[in-house]
Amino acid sequence: MAQYQYDGSMAAYFLLTFLSLALIPLTYSLIPAKSRVKMADGCQCQECLEHRRKIRSSEEGSFLRPKFGKTAFITAIGWAVFAVAAYKVAMTPVENKIYDPFAILNIARSATEQEIKKHYKRLSLKFHPDKVKLGPGDTMESIQDHFVNITKAYKALTDETIRRNVIDFNDPDGRQQFSTGIAIPHWIVESQNSIWVLGFYALVFGAGLPALVGRWWFGSRRYTKDGVLTRTAELFFKSAREDITEKGILVALATALPWEKHGKVGKAADVELGALMGKIDERLGSEWVLKAETSRALTLIYAHLLRIPVNGASLQALQKTYLLHIPSLLNSLLTIILAHNWLPASIQVMNLQARFVQAVASGEEKILQFPGMTAPVEDLPDSPDALIEKLEATGDGRAGEVKKVGMKWGKLDVVDVAYKVIGERFVSPGAIVQLVFKLRTLPPVSTKESNGTLPNVDKEKQEAKMNEERDQAFLVSKKDFEDLPAGEPLSGWVHAPKWPTNRRAKWWVVLGDDKTNKVVVPPMWVSDLPYGDPHKSRNYRTFKMQFQAPQGVGLYTWRIRFISDVFIGEDVARDLTLKVEDLSLLTADEQHQEDQISDPEEDTLAGQMAAMRGGSVKKIAYDSDESSTDDDQEDGSDSSSDSD
């Protein structure tokens with residue numbers, strides 16, 4: 001029969017296990033991302049370097065005033081409890097030592113009774129208290145205890161019953177009952193503490209757990225999947241229009257921000273808010289404020305877009321909170337607009353994100369993105385190449401900083417865009433079409449590098465063939481984007497010194513019909529594009545979007561847009577024509593040509609497998625030199641056969 005006892009030492013082991021399962025992931029999450037993920041160098045202009053320094057200082061704090069968040073504080077307390085529990089376990093003596101008379105006498109278990117008696121006599125002569133001389137650190141009590149243990153072990157082994165119990169059951173008393181310790185401290189099960197333990201259980205499971213579940217349930221009902229309040233989503237649903245303007249979007253944002261993020265400001269902040277309104281009136285006129293409840297949020301929004309400095313600490317914190325939440329609100333508004341497939345409104349929302357990042361209001365020149373440029377804008381070109389050339393020609397000191405920005409600007413370069421249908425050459429009605437596009441970034445500052453060597457034609461053919469095989473493997477895969485090569489760093493921080501946090505370049509990819517102003521395929525994000533290194537054979541990244549072809553036969557002229565969410569005026573558009581054909585109307589030659597194209601080449605892995613199964617493969621045409629050599633060998637073999 002098993003016996004159970006409440007073991008306090010076992011409770012410490014249980015606590016250590018539980019804490020380790022919780023503390024290790026929490027500690028890993030506190031490690032800065034820069035030490036876990038390799039990233040490329042970001043913009044090196046002075047404004048960006050100073051901006052990143054301020055962000056790092058605000059996140060890490062100072063030596064005298066280190067910054068600890070709630071998670072870091074809880075983790076530190078958890079490790080302190082872990083250390084106390086580990087110390088307790090280390091200092092607790094082990095009490096499960098088994099009494100073994102054979103080990104005490106240092107004799108084998110197979111020894112006979114006569115051997116045990118002889119061995120005991122030698123030990124008694126050696127360790128008798130009257131014959132042992134005290135050494136350094138020895139006491140008479142320890143010597144006497146050791147001799148008593150030897151005598152007890154001898155008496156136990158000379159008794160046949162006890163010796164058999166030790167050999168068979170490892171215990172002088174014979175078979176023992178099975179005992180298991182429960183990892184609960186003694187004070188929990190003591191009778192005088194029962195009322196407190198029951199009260200704690202009632203508090204946790206009767207009140208705490210239902211409150212936690214209820215808070216989660218009712219809290220989740222208040223928010224949409226985009227992370228905004230349902231009240232905000234209702235506002236966006238009413239505000240969304242096909243011809244919505246940027247002003248309408250800003251008013252909707254200003255109305256929703258006080259609901260989403262609450263901020264308290266004092267009377268001094270209200271005074272500064274009035275001064276900001278006056279400055280905005282000078283720039284925009286008096287019609288920009290429509291409602292009193294939106295005036296504070298709208299003032300802080302326009303102060304950011306117009307680059308009007310905010311001096312009060314409370315207003316600065318509130319403006320930062322609003323700005324960091326605006327991308328979530330814009331995404332929620334975009335989701336509602338995309339439900340109607342409104343193309344112009346979708347583009348309006350996407351372009352607004354870049355204006356917030358660069359702090360450039362609508363109607364302002366995009367040259368304000370570059371360092372040292374202020375309104376009113378001078379008569380300067382707005383492209384990086386032309387701007388640097390003009391500044392250097394006039395000896396302007398801003399040329400160096402602008403050039404640093406241009407080297408890491410990351411201008412989008414569309415290598416290729418095409419429609420693909422797996423296993424087919426033509427697009428039939430209702431077919432699943434893959435829109436495959438290859439992207440990379442190029443610095444707009446021209447860099448001319450040439451080593452004067454001629455290209456290796458064979459190497460280029462081999463690389464082209466390898467790229468074709470990788471493209472085919474990606475086309476049939478389930479991924480929407482191609483994996484980056486091992487060790488390839490992620491894209492670095494872009495030039496965004498006016499945004500509260502560091503930003504990485506991303507692009508919206510949307511396929512739309514400009515004739516009907518409708519979105520054909522819902523947009524997707526793309527990021528982490530490689531720089532166009534001329535020394536690499538595959539210096540781009542491949543993405544794909546899947547959609548169903550129209551049911552009607554004909555030509556569909558659509559436009560694919562790549563819209564940047566960090567740079568203004570850096571959008572790229574390509575016109576694409578999708579031809580949907582009825583396969584039943586193809587001629588016999590075209591159908592036969594389709595069959596031939598679908599056959600794999602004989603020098604590929606697919607071709608070799610098809611040949612082994614007896615299928616048809618596409619033959620490879622050899623060069624004339626190789627053909628003549630083969631003909632000579634065949635002629636030689638024929639002549640040798642004739643001579644035989």
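# Reading a predicted model: a dialogue

Author: Arginine 307 lies in the loop that connects helix H13 (295–305) with H14. The model is a predicted one, and this loop residue offers a starting point for our reading.

Reader: What is the phi of arginine 307, and is the residue buried or partly exposed?

Author: The phi of arginine 307 is near 60°, which is a positive value in a residue other than glycine. Arginine 307 counts as partly exposed because its relative accessibility is 29%, and the cut-offs place partly exposed residues between the limits of 20% and 50%.

Reader: Which other residue, in the loop between S5 and S6, has a positive phi?

Author: That residue is asparagine 517, found in the loop between S5 and S6, with a phi near 55° although it is a residue other than glycine. The hairpin of S5 and S6 has 4 residues between its strands, and asparagine 517 is partly exposed, with a relative accessible area of 31%.

Reader: Before we follow the strands, how many helices and strands does the protein chain have, and what percentage of its residues count as buried?

Author: The secondary structure of the protein chain comes to 21 helices and 9 strands, and 34% of its 644 residues count as buried. The chain exposes about 39,800 Å², of which carbon and sulfur atoms supply 55%. If one takes the contacts with a sequence separation of 6 or more, 68% of them are accounted for by residues 24 or more positions apart.

Reader: How should I read the pairing of strands, and in what order do the 4 strands of the open sheet run?

Author: The general idea is that strands of a sheet pair through backbone hydrogen bonds, either parallel or antiparallel. Here 4 strands form an open sheet in the order S6-S5-S8-S9, with antiparallel pairing; the edge strands are S6 and strand S9 (572–580), each of which pairs on one side only. Neighbouring strands of this sheet are turned by 20° against each other on average, direction ignored.

Reader: Which residues stand opposite each other in these strands?

Author: Strand S5 (residues 506–513) and strand S6 (residues 518–527) pair in the antiparallel sense over 7 bridges, and leucine 511 stands opposite valine 521 in S6. Strand S8 (residues 554–564) is joined to S9 by 9 bridges, again antiparallel, and phenylalanine 562 has valine 572 in S9 as its bridge partner.

Reader: Which helix packs on the sheet, and what angle does its direction make with that of S8?

Author: Helix H15 (residues 343–358) packs on the sheet and touches S5, S6 and S8, while its direction makes about 20° with that of S8.

Reader: Where are the edges of the sheet that has 3 strands?

Author: Its 3 strands form an open sheet in the order S3-S4-S7, with antiparallel pairing, and the edges are strand S3 (411–420) and strand S7 (541–548), each pairing on one side only. Between S3 and strand S4 (residues 432–442) there are 9 bridges in the antiparallel sense, and aspartate 413 has arginine 440 in S4 as its bridge partner.

Reader: Turning to the interior, how does one read a nonpolar core, and which residues have the most contacts inside the largest one?

Author: In soluble globular proteins, nonpolar side chains tend to be buried together. In this model the largest nonpolar core has 104 residues, and those with the most contacts inside it are Leu253, Phe356, Leu435 and Phe437. The largest share of this core, 12 residues, comes from helix H14 (residues 313–339). A second, separate core has 13 residues, including Ala111, Ile116, Leu123 and Ile150.

Reader: What is leucine 253 in contact with, leaving aside its neighbours within four places in sequence?

Author: With those neighbours left aside, leucine 253 is in contact with Phe236, Ile301, Ile326, Leu329, Leu330 and Phe356. One of these residues, Phe236, takes us to helix H10 (residues 230–239), whose buried residues are Thr232, Ala233, Leu235 and Phe236.

Reader: Why do the buried residues of H10 lie on the same side?

Author: The buried residues lie on the same side of H10 because they cover an arc of only 160° around the axis. They pack against helix H11 (246–260) and H14, whereas the face of H10 turned away from its buried side carries the exposed residues Glu234, Phe237 and Lys238.

How values were computed:
Residues are numbered from 1 along each chain as its sequence is written. This is a predicted model: local features need pLDDT of at least 70, side-chain atom pairs count only at pLDDT 80 or more; totals for chains, interfaces and linings use all residues. Side-chain values use heavy atoms; hydrogens and water are left out. A nonpolar core is a set of buried Ala, Val, Leu, Ile, Met, Phe, Trp, Tyr and Cys residues joined through side-chain atoms within 4.5 Å. Buried means under 20% relative accessible area, exposed over 50%, partly exposed in between (1.4 Å probe, protein chains only). Helices (H or I, at least four residues) and strands (E, at least two) are DSSP runs, numbered from the N terminus. Contact means heavy atoms within 4.5 Å. Two strands pair if DSSP finds at least two bridges between them. Accessible areas come from the Shrake-Rupley method with a 1.4 Å probe; for residues, only the protein chains shown count as cover. Axes are lines fitted to C-alpha atoms, for helices over the stretch in contact, and angles run from 0 to 180 degrees between N-to-C directions. The arc is that of the directions from the helix axis to the C-beta atoms.
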